[in-house]
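Thank you for making the time this morning. I would like to walk through one structure with you, starting with its charged side chains and then turning to what lies beneath the surface.

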Amino acid sequence: MQHLTRHATGVRRALAAVVAVACLAFVTGCGEEGVEVSEELSSTPGQKFSLVDEDGKPYVVGHGVVLEVPEDWTDYEPEAESIDGSTMEWAVGQPEATLPLPAGLQFSMGVAGKGGQVDSDTGLAQAAKKIAEISPGYELLDEGDADVPGADVAKFLRFKRDLAYGETVVPVEQVTLMIQVDEETSSTIRFIAPEGQWDALMKKSYDSVKVTDG
């Protein structure tokens with residue numbers, strides 16, 4: 001699905017801690033109509049997340065997006081509103097005891113009418129990059145536009161950083177995907193895995209992201 005194109009050329013605590021620092025959602029311009037999927041895999045931008053099984057495959061469904069996830073993944077905490085009320089926060093990933101760090105996804109799903117545009121000089125992409133740059137061990141790998149079915153605007157940022165997990169610090173690779181969900185809201189999905197394991201653990205889920213016609 002998406003191709004990472006170059007620009008202009010516990011888990012509960014670990015994931016929640018990063019979400020608390022990085023939760024950002026923004027209003028965007030006019031988006032294209034979402035793709036058609038089954039009723040079970042379709043959702044509105046305001047609909048809460050759930051894990052849905054279809055044809056023996058698990059999917060994350062909610063907030064106007066759908067993506068496939070590995071069979072052993074689980075959710076952690078109930079979906080919750082961010083401190084500033086601009087996003088709904090949720091996370092899924094490998095079982096909590098997975099070492100050195102359970103790979104997982106963090107969702108910051110936008111609330112309509114709050115924030116700024118994805119594709120602007122002061123919008124989501126620039127804000128996400130500024131947050132990434134202050135992370136310990138930060139190293140930019142790639143950035144640019146992403147091809148997400150159903151989204152008129154989507155951008156990605158791919159980088160390395162050091163993530164504190166319990167008593168240890170784990171080098172991780174992260175792709176932050178910023179997408180326009182509809183004409184009023186845009187959202188962020190962060191794909192995080194131990195360094196060297198991102199392609200094996202994350203690429204299939206990343207490539208499966210779609211904005212649905214809910």
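Let me begin with K203 and D207, whose side chains form a salt bridge in which the closest N and O atoms are 2.6 Å apart. Please keep in mind throughout that this is a predicted model. Both residues belong to helix 3, and because they are four residues apart there, about one helical turn separates them. As for their surroundings, K203 counts as partly exposed, at 39% relative accessibility, whereas D207, at 17%, counts as buried, since the limit for buried is under 20% relative accessible area.

How many salt bridges does a search of the whole structure find? The answer is seven, and I will take up two others in some detail. In one of them, D199 pairs with R158, with 3.0 Å between the closest N and O atoms. Here D199 lies in helix 3, residues 198–207, while R158 lies in strand 9, so this pair ties together parts that are 41 residues apart in sequence. D199 is partly exposed at 48% relative accessibility, and R158 is buried at 13%.

The other is the salt bridge between the side chains of E195 and K160, at 3.1 Å from N to O. This pair, too, links distant parts of the chain, given that E195 sits in the loop between strand 11 and helix 3 and K160 in strand 9, 35 residues apart. Both partners fall in the partly exposed class, E195 with a relative accessible area of 39% and K160 with one of 22%.

Let me now turn to charges of one sign. Which residues gather in a patch of negative charge on the surface? They are D53, D55, E71 and D72. Of these, D55 is found in the loop between strand 1, residues 50–54, and strand 2, residues 57–62, and D55 is exposed, with a relative accessible area of 75%.

Finally, let us look at helix 2, which covers residues 124–133 and in which L124, A125, A127, A128, K129 and A132 are buried. And what do the buried residues of helix 2 pack against? They pack against four strands, namely strand 8 (139–145), strand 9 (154–165), strand 10 (168–180) and strand 11 (186–194). Strand 9 therefore appears twice in this account, as the strand that holds R158 and as one of those that the buried residues of helix 2 pack against.

Definitions and conventions
Residues numbered from 1 in each chain as written. Predicted model: local features only at pLDDT ≥ 70, side-chain atom pairs only at ≥ 80, totals over all residues. Heavy atoms only, no water. Patch = residues over 30% accessible without salt bridge, like charges linked within 9 Å, V, L, I, M, F, W, Y side chains within 5 Å. Areas by Shrake-Rupley, 256 points an atom, 1.4 Å probe, with all protein chains shown as cover. Salt bridge = Lys/Arg side-chain N within 4 Å of Asp/Glu carboxyl O. Lys, Arg positive; Asp, Glu negative; His and termini not counted. Charge placed at Lys NZ, Arg CZ, Asp CG, Glu CD. Helix = DSSP H or I, 4+ residues; strand = E, 2+ residues; numbered from the N terminus. Buried < 20%, exposed > 50% of the residue type's maximum accessible area, 1.4 Å probe, protein only. Contact = heavy atoms within 4.5 Å.
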